[in-house]
Amino acid sequence: MTSDIARRFSDKTVLTIDMYGTLIDWEAGIVDALDPILRAHGHVLASDALLEKYAWHESALEAGPYLTYREILEEALNRIAKDLGFVPDEHELERFSHSVGDWPPFPDSRDALLALQHRFRLAIITNGDDEFFALSNKHLGVEFDYVVTAQQTRSYKPSLNNFHVALGRMQTPRSEILHVAQSLFHDHVPAQAVGLQTVWIDRRQGRPGYGAVPRAVAVPDARFIDMCSFAHAILDV
């Protein structure tokens, strides 16, 4: 018997997928990169408190004039440091802004993507730069049909521009596209605003707070705790 999810999304031919937070464990990567810098200056923050600080500053920077993601990371560290009363040196700024390639993939990401490729075209819509996408995709080893980065769009999600650029490039009816992502703020709100159905990969399920993303309200069309369970359901295996 066909699963409810497979039946509900049987008309989909393309999955647009977020990279950081959905496929790559950016929260672990951010904490692992920032925590030693803060400790070197005498500051110890709980992981969720550190992530919330990062989310506040990153989202403010991304909403302003376009900066590269490397510049976003460096300035986010500068602002966190200012909050705590210290000034990071050039080496610390460089170390954090170069840490993206070390951010680990979620264990289920690669296998889920390889399975989904048999049924769907896969597109990435990411707030990373071209360079960072390439570094992160070395962990996944997956060839995507489309890759849309913030560097290409000169804007950051939740800007609708990122989705409009992706839609223009794919030339696929919106009714055939399903957006898959963790962040309600960066992904579900704008994706639904441009007429896409969405699936929430709730990587933080069971944990309080919002982690590395600002709070947002959205009602996804389906929710799964990871990419593996989503793939099993939509592929009906």
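**Close-up views of a two-domain protein model**

Of the 237 residues of the protein, 54% count as buried. The model shown in these figures is predicted.

**Figure 1. The whole protein and its secondary structure.** The chain forms 11 helices and 6 strands. Its radius of gyration is 18 Å, close to the 18 Å that the globule rule gives for 237 residues, so the protein is as compact as a globular protein of that length. Along the principal axes, the C-alpha atoms fill a box of roughly 60 × 35 × 35 Å. About 10400 Å² of the protein is exposed, and carbon and sulfur atoms supply 53% of that area. Among contacts with a separation of 6 or more, 69% join residues 24 or more positions apart.

**Figure 2. The two domains and the contacts between them.** The domain assignment gives domain 1 (4–25 + 104–235) and domain 2 (27–102). Domain 1 is thus assigned in two segments of the chain, 4–25 and 104–235. A distance of 24 Å separates the C-alpha centres of domain 1 and domain 2. Where the domains meet, 27 residues of domain 1 are in contact with 22 residues of domain 2.

**Figure 3. The largest nonpolar core.** This core has 60 residues, of which Y54, Y69 and F230 touch the most other members. Helix 4 (residues 69–84) gives the most to the core, contributing 8 residues. Domain 1 (4–25 + 104–235) and domain 2 (27–102) both give residues to it, so the core lies between them. In general, nonpolar side chains tend to be buried together in soluble globular proteins.

**Figure 4. The surroundings of Y54, and a separate core.** Which residues does Y54 touch, not counting residues up to four places away in sequence? They are W26, I30, L34, Y69, L73, A76, I80 and F96. Apart from the largest core lies another core, of 13 residues, including Y146, M170, A191 and V194.

**Figure 5. T22, a buried residue in a loop.** T22 is placed in the loop between strand 1 (14–17) and helix 2 (26–40). Is T22 buried or exposed? With a relative accessible area of 0%, T22 is buried, because buried means under 20% relative accessible area. A polar atom of the T22 side chain lies 2.9 Å from the backbone nitrogen of Q182. Leaving aside neighbours within four places in sequence, T22 is in contact with I17, F106, S109, V180, A181, Q182, I201, R203 and M227.

**Figure 6. The loop between helix 8 and helix 9.** P158 has its place in the loop between helix 8 (150–153) and helix 9 (160–170). The peptide bond leading from K157 to P158 is cis, with omega near 20°. R154 lies in the loop between helix 8 and helix 9 as well. Although R154 is not a glycine, its phi is positive, at about 60°. The relative accessibility of R154 is 56%, so this residue counts as exposed. As a general background to this view, most residues other than glycine have a negative phi, and most peptide bonds are trans.

**Figure 7. Q171, an exposed residue after helix 9.** The loop between helix 9 and strand 4 (177–181) holds Q171. This residue is not a glycine, yet Q171 has a positive phi of about 50°. Q171 is exposed, having a relative accessible area of 65%.

Notes
Residues are numbered from 1 along each chain as its sequence is written. This is a predicted model: local features need pLDDT of at least 70, side-chain atom pairs count only at pLDDT 80 or more; totals for chains, interfaces and linings use all residues. Side-chain values use heavy atoms; hydrogens and water are left out. A nonpolar core is a set of buried Ala, Val, Leu, Ile, Met, Phe, Trp, Tyr and Cys residues joined through side-chain atoms within 4.5 Å. Buried means under 20% relative accessible area, exposed over 50%, partly exposed in between (1.4 Å probe, protein chains only). Helices (H or I, at least four residues) and strands (E, at least two) are DSSP runs, numbered from the N terminus. Domain bounds come from an automatic or database domain assignment. Contact means heavy atoms within 4.5 Å. The radius of gyration is taken over C-alpha atoms; the globule rule is 2.2 Å times the number of residues to the power 0.38. Accessible areas come from the Shrake-Rupley method with a 1.4 Å probe; for residues, only the protein chains shown count as cover. A polar contact is a pair of N or O atoms within 3.5 Å; within protein, one must be able to donate a hydrogen and the other to accept it, and residues adjacent in sequence count only if both atoms are side-chain atoms.
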